[in-house]
Amino acid sequence: MRVLAGSLHVSPATVAKAYQELRQRGLIETEGRRGTRVRSRPAVAVRRSGQRTPIPPGLRDLSSGEPDLRLLPPLMPALAATAAMQSPPQGYASAVTMPELVDAARPRLLAEGVPVSGAEIIVTSGALDSIERVFGAHLRPGDSVAIEDPGWGALIDLLAALGLRAAPVAVDEHGPDPAALEAALRSGARAVVVTVRAQNPTGAAVGARRARQLRELLSDHPGVLVVEDDHAAELAERPPHCIGAVTGSWAFVRSASKPFGPDLRIAVLAGDETTIARVAGRMRIGMGWVSTVLQRTLLWLWRDPEVTALVGRAAETYGKRRRALRDALRAEGVEASGDTGINVWIPVPDETHAVAALRDRGYAVAPGAIFRVGSPPGIRITISTLTTEEAPELARAVASVIHPVGLAPPMR
(Lines give C-alpha, C1' and ligand atoms only; values in the text may rest on other atoms or scores of the structure.)
Protein backbone atom coordinates (compact mmCIF):
# COMPACT_ATOMS: atom_id res chain seq x y z
CA MET A 1 0.00 0.00 0.00
CA ARG A 2 2.84 2.41 0.79
CA VAL A 3 4.48 1.74 -2.58
CA LEU A 4 1.17 2.28 -4.41
CA ALA A 5 0.47 5.46 -2.42
CA GLY A 6 3.89 6.80 -3.36
CA SER A 7 3.46 6.07 -7.07
CA LEU A 8 0.00 7.68 -7.12
CA HIS A 9 1.04 10.61 -4.91
CA VAL A 10 -1.78 10.01 -2.44
CA SER A 11 -1.82 9.10 1.25
CA PRO A 12 -1.63 5.46 2.40
CA ALA A 13 -5.02 5.99 4.04
CA THR A 14 -6.54 6.73 0.62
CA VAL A 15 -5.12 3.51 -0.80
CA ALA A 16 -6.35 1.55 2.22
CA LYS A 17 -9.83 2.97 1.73
CA ALA A 18 -9.77 2.03 -1.96
CA TYR A 19 -8.78 -1.54 -1.06
CA GLN A 20 -11.62 -1.63 1.46
CA GLU A 21 -14.13 -0.52 -1.17
CA LEU A 22 -12.87 -3.14 -3.62
CA ARG A 23 -13.21 -5.85 -0.98
CA GLN A 24 -16.75 -4.73 -0.08
CA ARG A 25 -17.75 -4.91 -3.73
CA GLY A 26 -16.25 -8.37 -4.08
CA LEU A 27 -13.71 -7.33 -6.72
CA ILE A 28 -10.66 -8.42 -4.73
CA GLU A 29 -9.97 -10.91 -1.97
CA THR A 30 -7.31 -10.70 0.72
CA GLU A 31 -5.54 -13.78 2.11
CA GLY A 32 -3.44 -12.34 4.91
CA ARG A 33 0.30 -12.68 4.29
CA ARG A 34 -0.36 -14.36 0.95
CA GLY A 35 -1.45 -10.97 -0.37
CA THR A 36 -4.41 -9.55 -2.27
CA ARG A 37 -5.63 -10.64 -5.67
CA VAL A 38 -8.41 -9.80 -8.11
CA ARG A 39 -11.29 -12.26 -7.95
CA SER A 40 -11.92 -14.31 -11.09
CA ARG A 41 -15.60 -13.37 -10.87
CA PRO A 42 -16.83 -10.48 -8.73
CA ALA A 43 -19.55 -11.02 -6.17
CA VAL A 44 -22.73 -9.01 -6.45
CA ALA A 45 -21.78 -5.33 -6.31
CA VAL A 46 -23.78 -2.94 -4.16
CA ARG A 47 -21.85 0.31 -4.05
CA ARG A 48 -23.09 1.73 -7.35
CA SER A 49 -26.80 1.09 -7.23
CA GLY A 50 -27.93 -0.73 -4.13
CA GLN A 51 -26.33 1.17 -1.26
CA ARG A 52 -26.59 4.93 -1.15
CA THR A 53 -24.39 7.01 1.07
CA PRO A 54 -26.56 8.39 3.91
CA ILE A 55 -27.55 12.03 3.37
CA PRO A 56 -26.67 14.22 6.38
CA PRO A 57 -29.60 16.13 7.91
CA GLY A 58 -30.19 19.57 6.46
CA LEU A 59 -28.97 18.80 2.93
CA ARG A 60 -31.22 19.18 -0.09
CA ASP A 61 -31.17 15.65 -1.49
CA LEU A 62 -30.84 15.78 -5.29
CA SER A 63 -28.94 12.51 -5.59
CA SER A 64 -31.58 9.80 -5.40
CA GLY A 65 -32.61 9.26 -9.03
CA GLU A 66 -36.14 8.56 -7.77
CA PRO A 67 -39.43 10.12 -8.90
CA ASP A 68 -41.28 12.67 -6.77
CA LEU A 69 -43.52 10.57 -4.52
CA ARG A 70 -46.06 13.38 -4.46
CA LEU A 71 -46.58 13.03 -8.21
CA LEU A 72 -47.21 9.28 -8.21
CA PRO A 73 -50.77 8.02 -8.67
CA PRO A 74 -52.19 6.35 -5.53
CA LEU A 75 -52.17 2.56 -5.77
CA MET A 76 -54.85 1.83 -3.16
CA PRO A 77 -57.80 2.62 -5.49
CA ALA A 78 -56.29 0.28 -8.07
CA LEU A 79 -55.84 -2.46 -5.48
CA ALA A 80 -59.36 -1.95 -4.18
CA ALA A 81 -60.78 -2.10 -7.70
CA THR A 82 -58.76 -5.22 -8.41
CA ALA A 83 -60.10 -6.86 -5.25
CA ALA A 84 -63.65 -5.91 -6.20
CA MET A 85 -63.35 -7.77 -9.52
CA GLN A 86 -63.83 -11.01 -7.54
CA SER A 87 -61.63 -12.96 -9.91
CA PRO A 88 -61.22 -16.64 -9.03
CA PRO A 89 -58.11 -17.50 -7.02
CA GLN A 90 -55.11 -18.41 -9.13
CA GLY A 91 -53.53 -21.84 -8.93
CA TYR A 92 -49.98 -22.70 -9.84
CA ALA A 93 -50.96 -23.86 -13.30
CA SER A 94 -53.08 -20.83 -14.21
CA ALA A 95 -50.83 -18.09 -12.78
CA VAL A 96 -49.00 -16.90 -15.90
CA THR A 97 -48.73 -13.70 -17.91
CA MET A 98 -52.36 -12.63 -18.20
CA PRO A 99 -53.61 -12.66 -21.81
CA GLU A 100 -55.69 -9.53 -21.15
CA LEU A 101 -52.57 -7.66 -20.04
CA VAL A 102 -50.78 -8.70 -23.22
CA ASP A 103 -53.83 -7.68 -25.25
CA ALA A 104 -53.72 -4.25 -23.60
CA ALA A 105 -49.94 -3.85 -23.86
CA ARG A 106 -49.56 -4.59 -27.56
CA PRO A 107 -51.75 -1.78 -28.98
CA ARG A 108 -50.45 0.55 -26.30
CA LEU A 109 -46.88 -0.01 -27.49
CA LEU A 110 -47.81 0.00 -31.17
CA ALA A 111 -49.52 3.38 -30.76
CA GLU A 112 -46.14 4.80 -29.67
CA GLY A 113 -44.28 3.29 -32.59
CA VAL A 114 -42.79 0.33 -30.73
CA PRO A 115 -42.59 -2.51 -33.32
CA VAL A 116 -44.22 -5.35 -31.38
CA SER A 117 -46.88 -6.47 -33.85
CA GLY A 118 -45.32 -9.92 -34.28
CA ALA A 119 -43.45 -10.04 -30.97
CA GLU A 120 -43.97 -12.36 -28.03
CA ILE A 121 -44.85 -10.52 -24.78
CA ILE A 122 -44.55 -11.55 -21.13
CA VAL A 123 -44.24 -9.67 -17.83
CA THR A 124 -41.29 -9.62 -15.42
CA SER A 125 -40.44 -7.97 -12.11
CA GLY A 126 -39.04 -4.70 -13.49
CA ALA A 127 -36.57 -3.43 -16.05
CA LEU A 128 -33.40 -4.83 -14.48
CA ASP A 129 -35.06 -8.21 -13.91
CA SER A 130 -35.97 -8.28 -17.62
CA ILE A 131 -32.45 -7.40 -18.72
CA GLU A 132 -30.88 -9.97 -16.43
CA ARG A 133 -33.19 -12.70 -17.72
CA VAL A 134 -32.52 -11.80 -21.35
CA PHE A 135 -28.77 -11.86 -20.68
CA GLY A 136 -29.16 -15.28 -19.06
CA ALA A 137 -30.98 -16.53 -22.15
CA HIS A 138 -28.12 -15.69 -24.51
CA LEU A 139 -24.84 -14.79 -22.78
CA ARG A 140 -22.19 -16.59 -20.78
CA PRO A 141 -19.57 -15.32 -18.30
CA GLY A 142 -16.80 -13.53 -20.13
CA ASP A 143 -19.03 -12.23 -22.94
CA SER A 144 -18.78 -8.53 -23.75
CA VAL A 145 -21.81 -6.23 -23.61
CA ALA A 146 -21.86 -2.77 -25.20
CA ILE A 147 -23.38 -0.34 -22.71
CA GLU A 148 -23.79 3.43 -22.62
CA ASP A 149 -21.03 5.37 -20.87
CA PRO A 150 -22.02 7.13 -18.69
CA GLY A 151 -24.90 4.80 -18.04
CA TRP A 152 -27.14 3.14 -15.49
CA GLY A 153 -25.10 2.15 -12.43
CA ALA A 154 -27.30 -0.87 -11.69
CA LEU A 155 -26.58 -2.25 -15.15
CA ILE A 156 -22.83 -1.89 -14.62
CA ASP A 157 -23.23 -3.79 -11.34
CA LEU A 158 -25.31 -6.47 -13.05
CA LEU A 159 -22.60 -7.12 -15.63
CA ALA A 160 -20.05 -7.56 -12.86
CA ALA A 161 -22.32 -9.90 -10.93
CA LEU A 162 -22.92 -12.07 -14.00
CA GLY A 163 -19.25 -12.17 -14.96
CA LEU A 164 -19.87 -10.20 -18.16
CA ARG A 165 -17.52 -7.54 -19.53
CA ALA A 166 -18.59 -3.96 -20.18
CA ALA A 167 -17.72 -2.43 -23.55
CA PRO A 168 -18.33 1.30 -22.98
CA VAL A 169 -20.09 3.30 -25.72
CA ALA A 170 -20.06 7.08 -25.63
CA VAL A 171 -23.42 8.86 -25.36
CA ASP A 172 -24.55 12.24 -26.69
CA GLU A 173 -27.95 13.94 -26.52
CA HIS A 174 -29.29 11.58 -29.22
CA GLY A 175 -28.19 8.35 -27.55
CA PRO A 176 -25.31 5.93 -28.20
CA ASP A 177 -22.68 7.24 -30.62
CA PRO A 178 -22.75 5.04 -33.75
CA ALA A 179 -18.98 5.15 -34.26
CA ALA A 180 -18.35 4.13 -30.64
CA LEU A 181 -20.91 1.32 -30.91
CA GLU A 182 -19.32 0.10 -34.13
CA ALA A 183 -15.95 -0.06 -32.38
CA ALA A 184 -17.49 -2.08 -29.53
CA LEU A 185 -19.06 -4.49 -32.02
CA ARG A 186 -15.78 -4.87 -33.88
CA SER A 187 -14.09 -5.69 -30.58
CA GLY A 188 -16.47 -8.61 -30.11
CA ALA A 189 -19.49 -7.33 -28.15
CA ARG A 190 -22.14 -10.06 -28.06
CA ALA A 191 -24.95 -7.76 -26.90
CA VAL A 192 -25.87 -4.09 -26.75
CA VAL A 193 -28.20 -2.23 -24.36
CA VAL A 194 -29.79 1.01 -25.57
CA THR A 195 -31.89 3.32 -23.40
CA VAL A 196 -34.66 4.57 -25.66
CA ARG A 197 -35.27 7.81 -23.74
CA ALA A 198 -34.69 9.43 -20.34
CA GLN A 199 -31.24 7.85 -20.26
CA ASN A 200 -29.78 7.67 -16.76
CA PRO A 201 -27.78 9.79 -15.99
CA THR A 202 -27.63 12.06 -19.08
CA GLY A 203 -31.31 12.35 -20.03
CA ALA A 204 -30.51 11.47 -23.65
CA ALA A 205 -33.29 10.31 -25.98
CA VAL A 206 -32.75 8.34 -29.19
CA GLY A 207 -34.11 10.40 -32.08
CA ALA A 208 -35.49 9.16 -35.39
CA ARG A 209 -32.24 9.79 -37.27
CA ARG A 210 -30.08 8.10 -34.62
CA ALA A 211 -32.44 5.13 -34.51
CA ARG A 212 -32.02 4.69 -38.28
CA GLN A 213 -28.23 4.87 -37.92
CA LEU A 214 -28.25 2.25 -35.18
CA ARG A 215 -30.56 -0.02 -37.18
CA GLU A 216 -28.28 0.17 -40.22
CA LEU A 217 -25.24 -0.55 -38.07
CA LEU A 218 -26.73 -3.45 -36.13
CA SER A 219 -28.26 -5.06 -39.22
CA ASP A 220 -24.70 -5.97 -40.22
CA HIS A 221 -24.33 -7.91 -36.94
CA PRO A 222 -27.22 -10.42 -36.97
CA GLY A 223 -25.75 -12.47 -34.12
CA VAL A 224 -25.78 -9.61 -31.61
CA LEU A 225 -28.43 -9.43 -28.90
CA VAL A 226 -30.16 -6.02 -28.85
CA VAL A 227 -31.92 -4.91 -25.65
CA GLU A 228 -33.91 -1.65 -25.59
CA ASP A 229 -34.77 -0.16 -22.20
CA ASP A 230 -37.76 2.16 -21.92
CA HIS A 231 -37.78 2.50 -18.13
CA ALA A 232 -39.31 6.01 -18.07
CA ALA A 233 -42.26 4.98 -20.24
CA GLU A 234 -45.16 7.41 -19.89
CA LEU A 235 -43.04 9.94 -17.98
CA ALA A 236 -40.87 10.71 -21.00
CA GLU A 237 -42.08 13.73 -22.97
CA ARG A 238 -40.80 12.37 -26.29
CA PRO A 239 -42.07 9.34 -28.18
CA PRO A 240 -39.71 6.36 -28.32
CA HIS A 241 -37.71 5.76 -31.49
CA CYS A 242 -36.85 2.08 -31.39
CA ILE A 243 -34.30 -0.06 -33.16
CA GLY A 244 -36.58 -3.09 -33.27
CA ALA A 245 -35.94 -6.56 -34.65
CA VAL A 246 -32.89 -5.90 -36.79
CA THR A 247 -30.92 -8.85 -35.41
CA GLY A 248 -31.84 -12.44 -34.65
CA SER A 249 -32.24 -11.80 -30.93
CA TRP A 250 -33.85 -8.67 -29.49
CA ALA A 251 -35.91 -7.47 -26.56
CA PHE A 252 -37.83 -4.33 -25.60
CA VAL A 253 -38.48 -3.54 -21.92
CA ARG A 254 -41.22 -1.18 -20.68
CA SER A 255 -41.18 -0.69 -16.89
CA ALA A 256 -44.07 0.54 -14.73
CA SER A 257 -41.98 1.65 -11.75
CA LYS A 258 -41.14 5.20 -12.83
CA PRO A 259 -44.63 6.42 -13.83
CA PHE A 260 -46.65 4.41 -11.28
CA GLY A 261 -44.20 4.07 -8.40
CA PRO A 262 -41.17 1.96 -7.40
CA ASP A 263 -43.44 -0.35 -5.40
CA LEU A 264 -45.09 -1.61 -8.61
CA ARG A 265 -42.35 -4.07 -9.58
CA ILE A 266 -43.56 -5.10 -13.00
CA ALA A 267 -42.40 -4.62 -16.59
CA VAL A 268 -43.58 -5.67 -20.03
CA LEU A 269 -40.95 -7.61 -21.98
CA ALA A 270 -41.37 -8.05 -25.75
CA GLY A 271 -38.98 -9.83 -28.08
CA ASP A 272 -38.33 -12.60 -30.56
CA GLU A 273 -39.89 -16.00 -30.00
CA THR A 274 -36.69 -17.76 -28.88
CA THR A 275 -35.68 -15.07 -26.39
CA ILE A 276 -39.10 -14.84 -24.75
CA ALA A 277 -39.48 -18.63 -24.67
CA ARG A 278 -36.14 -18.99 -22.90
CA VAL A 279 -36.99 -16.26 -20.39
CA ALA A 280 -40.43 -17.73 -19.70
CA GLY A 281 -39.01 -21.22 -19.34
CA ARG A 282 -36.37 -20.09 -16.87
CA MET A 283 -38.99 -18.18 -14.86
CA ARG A 284 -41.09 -21.33 -14.55
CA ILE A 285 -38.32 -23.14 -12.67
CA GLY A 286 -37.53 -20.10 -10.52
CA MET A 287 -39.93 -17.40 -9.41
CA GLY A 288 -42.63 -18.89 -11.63
CA TRP A 289 -44.62 -15.79 -12.53
CA VAL A 290 -45.28 -12.18 -11.65
CA SER A 291 -48.16 -11.90 -9.20
CA THR A 292 -51.46 -11.66 -11.03
CA VAL A 293 -52.49 -9.12 -8.41
CA LEU A 294 -49.76 -6.83 -9.72
CA GLN A 295 -50.73 -7.61 -13.31
CA ARG A 296 -54.39 -6.72 -12.67
CA THR A 297 -53.31 -3.57 -10.84
CA LEU A 298 -51.23 -2.40 -13.79
CA LEU A 299 -54.06 -3.19 -16.17
CA TRP A 300 -56.45 -1.09 -14.07
CA LEU A 301 -53.97 1.80 -13.94
CA TRP A 302 -53.58 1.73 -17.73
CA ARG A 303 -57.33 1.84 -18.21
CA ASP A 304 -58.11 4.61 -15.69
CA PRO A 305 -58.30 8.03 -17.42
CA GLU A 306 -57.67 9.87 -14.13
CA VAL A 307 -54.42 7.98 -13.62
CA THR A 308 -53.43 8.68 -17.23
CA ALA A 309 -54.02 12.39 -16.60
CA LEU A 310 -52.01 12.29 -13.35
CA VAL A 311 -49.04 10.65 -15.09
CA GLY A 312 -49.27 13.17 -17.93
CA ARG A 313 -49.18 16.08 -15.48
CA ALA A 314 -46.20 14.49 -13.71
CA ALA A 315 -44.34 14.29 -17.04
CA GLU A 316 -45.09 17.97 -17.70
CA THR A 317 -43.93 18.94 -14.21
CA TYR A 318 -40.65 17.06 -14.58
CA GLY A 319 -40.15 18.73 -17.95
CA LYS A 320 -40.61 22.20 -16.47
CA ARG A 321 -38.25 21.46 -13.56
CA ARG A 322 -35.60 19.95 -15.83
CA ARG A 323 -35.71 22.84 -18.31
CA ALA A 324 -35.65 25.41 -15.49
CA LEU A 325 -32.40 23.97 -14.15
CA ARG A 326 -30.79 23.59 -17.56
CA ASP A 327 -31.69 27.17 -18.51
CA ALA A 328 -30.39 28.48 -15.19
CA LEU A 329 -27.15 26.53 -15.56
CA ARG A 330 -26.59 27.82 -19.09
CA ALA A 331 -27.24 31.37 -17.91
CA GLU A 332 -24.33 30.79 -15.52
CA GLY A 333 -22.13 29.45 -18.31
CA VAL A 334 -22.47 25.79 -17.22
CA GLU A 335 -23.13 23.15 -19.87
CA ALA A 336 -25.57 20.41 -18.91
CA SER A 337 -27.52 17.64 -20.62
CA GLY A 338 -30.97 16.35 -19.80
CA ASP A 339 -33.55 16.43 -22.60
CA THR A 340 -35.84 13.82 -21.04
CA GLY A 341 -36.40 12.12 -17.71
CA ILE A 342 -35.69 13.24 -14.16
CA ASN A 343 -31.91 13.77 -14.22
CA VAL A 344 -29.47 16.40 -15.42
CA TRP A 345 -25.82 15.53 -16.15
CA ILE A 346 -23.12 18.15 -15.66
CA PRO A 347 -19.50 17.61 -16.76
CA VAL A 348 -17.05 18.72 -14.06
CA PRO A 349 -13.25 18.82 -13.83
CA ASP A 350 -13.16 17.00 -10.48
CA GLU A 351 -16.09 14.93 -9.17
CA THR A 352 -14.86 14.64 -5.61
CA HIS A 353 -14.35 18.40 -5.32
CA ALA A 354 -17.71 19.17 -6.96
CA VAL A 355 -19.69 16.79 -4.73
CA ALA A 356 -17.96 17.99 -1.57
CA ALA A 357 -18.24 21.67 -2.46
CA LEU A 358 -21.94 21.38 -3.25
CA ARG A 359 -22.46 19.52 0.00
CA ASP A 360 -20.86 22.47 1.80
CA ARG A 361 -23.42 24.68 0.03
CA GLY A 362 -26.32 22.54 1.18
CA TYR A 363 -26.87 20.18 -1.80
CA ALA A 364 -26.37 16.42 -2.09
CA VAL A 365 -25.71 15.29 -5.68
CA ALA A 366 -24.57 11.99 -7.14
CA PRO A 367 -20.92 11.57 -8.20
CA GLY A 368 -20.44 10.54 -11.80
CA ALA A 369 -18.19 7.62 -10.85
CA ILE A 370 -21.33 5.64 -10.03
CA PHE A 371 -22.31 5.76 -13.70
CA ARG A 372 -19.00 5.84 -15.57
CA VAL A 373 -16.74 3.18 -17.04
CA GLY A 374 -14.27 5.35 -18.94
CA SER A 375 -16.12 8.57 -19.77
CA PRO A 376 -15.05 11.98 -18.39
CA PRO A 377 -16.07 13.11 -14.89
CA GLY A 378 -19.47 14.56 -14.13
CA ILE A 379 -22.21 14.85 -11.52
CA ARG A 380 -25.86 13.88 -11.71
CA ILE A 381 -28.61 16.05 -10.29
CA THR A 382 -32.08 14.55 -9.89
CA ILE A 383 -34.69 17.23 -10.61
CA SER A 384 -37.79 15.24 -9.62
CA THR A 385 -38.41 17.29 -6.45
CA LEU A 386 -36.59 20.46 -7.51
CA THR A 387 -38.99 23.38 -7.94
CA THR A 388 -38.47 25.92 -10.70
CA GLU A 389 -37.96 28.59 -8.02
CA GLU A 390 -35.00 26.67 -6.59
CA ALA A 391 -33.22 26.30 -9.93
CA PRO A 392 -31.40 29.69 -10.11
CA GLU A 393 -29.84 29.37 -6.66
CA LEU A 394 -28.71 25.81 -7.35
CA ALA A 395 -27.26 26.87 -10.71
CA ARG A 396 -25.26 29.62 -9.03
CA ALA A 397 -23.91 27.11 -6.53
CA VAL A 398 -22.88 24.73 -9.31
CA ALA A 399 -21.26 27.55 -11.28
CA SER A 400 -19.29 28.69 -8.24
CA VAL A 401 -17.95 25.16 -7.85
CA ILE A 402 -17.07 24.59 -11.50
CA HIS A 403 -15.91 28.16 -12.28
CA PRO A 404 -14.23 29.74 -9.24
CA VAL A 405 -14.38 33.50 -8.84
CA GLY A 406 -12.38 35.20 -11.56
CA LEU A 407 -12.50 32.19 -13.88
CA ALA A 408 -16.18 32.11 -14.78
CA PRO A 409 -16.97 32.23 -18.53
CA PRO A 410 -18.94 35.14 -19.98
CA MET A 411 -22.74 35.08 -19.86
CA ARG A 412 -24.47 33.70 -22.95
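Here is a chat between a student and a tutor about the predicted model shown above.

Student: Before we start, what are the ground rules here?

Tutor: Residues are numbered from 1 along each chain as its sequence is written, and side-chain values use heavy atoms, with hydrogens and water left out. This is a predicted model, where local features need pLDDT of at least 70, side-chain atom pairs count only at pLDDT 80 or more, and totals for chains, interfaces and linings use all residues.

Student: Okay, how many helices and strands are in the chain?

Tutor: Let's set the terms: helices (H or I, at least four residues) and strands (E, at least two) are DSSP runs, numbered from the N terminus. Going by that, the chain has 14 helices and 15 strands.

Student: What percentage of the residues is buried?

Tutor: Buried means under 20% relative accessible area, exposed means over 50%, and partly exposed is in between (1.4 Å probe, protein chains only). The chain has 412 residues, and the buried share of them is 49%.

Student: Which strands are the edges of the 8-stranded open sheet?

Tutor: Two strands pair if DSSP finds at least two bridges between them. The order here is β4-β11-β10-β9-β8-β5-β6-β7, with mixed pairing. An edge strand pairs on one side only, and that describes β4 (120-124) and β7 (175-176).

Student: Which residue stands opposite Val171 in β7?

Tutor: Strand β6 (residues 165-172) and β7 run antiparallel, joined by 2 bridges. Across from Val171, in β7, stands Pro176.

Student: Does β10 run parallel or antiparallel to β9, and which is it for β11?

Tutor: Take β9 (residues 225-230) to begin with: 6 bridges join it to β10, and the two run parallel. One facing pair there is Val226 and Trp250. On the β11 side, Ala251 has Gly271 as its bridge partner. There are 5 bridges between β10 and β11, and that pair runs antiparallel.

Student: How many residues of β10 are buried?

Tutor: Look at both faces of the strand: Ser249, Ala251, Val253 and Ser255 are buried on one side, and Trp250, Phe252 and Arg254 are buried on the other. The count for β10 is 7 of its 7 residues.

Student: At about what angle does helix α10 run to β4?

Tutor: Axes are lines fitted to C-alpha atoms, for helices over the stretch in contact, and angles run from 0 to 180 degrees between N-to-C directions. Helix α10 (residues 273-284) lies across β4, β10 (249-255) and β11 (267-271). Its angle to β4 is about 35°.

Student: What is the order of the strands in the 3-stranded sheet?

Tutor: It's an open sheet with antiparallel pairing, and its edge strands are β12 (343-347) and β14 (366-367). Helix α13 (residues 351-360) packs on this sheet, touching β14 and β15. There are 5 bridges between β12 and β15, while 2 bridges join β14 to β15 (residues 378-382). So the order, using the pairing rule of at least two bridges, is β12-β15-β14.

Student: Which helix gives the largest share of the largest nonpolar core?

Tutor: A nonpolar core is a set of buried Ala, Val, Leu, Ile, Met, Phe, Trp, Tyr and Cys residues joined through side-chain atoms within 4.5 Å. This one has 105 residues, and those touching the most other members include Phe135, Val145 and Leu329. The largest share, 9 residues, comes from helix α12 (residues 305-331).

Student: Which alanines does Val145 contact, leaving aside neighbours within four places in sequence?

Tutor: Contact means heavy atoms within 4.5 Å. Val145 touches Phe135 and Leu159, among others. The alanines in its list are Ala166, Ala167 and Ala191.

Student: Is Ala309 buried or partly exposed?

Tutor: Ala309 sits in helix α12. Its relative accessible area is 33%, so Ala309 is partly exposed.

Student: What should helix α5 span, and what do its end C-alpha atoms give?

Tutor: The expected span of a helix is 1.5 Å times one less than its number of residues. Helix α5 (residues 127-138) has 12 residues, so it should span 16 Å. Its end C-alpha atoms agree with that, being apart by 17 Å.
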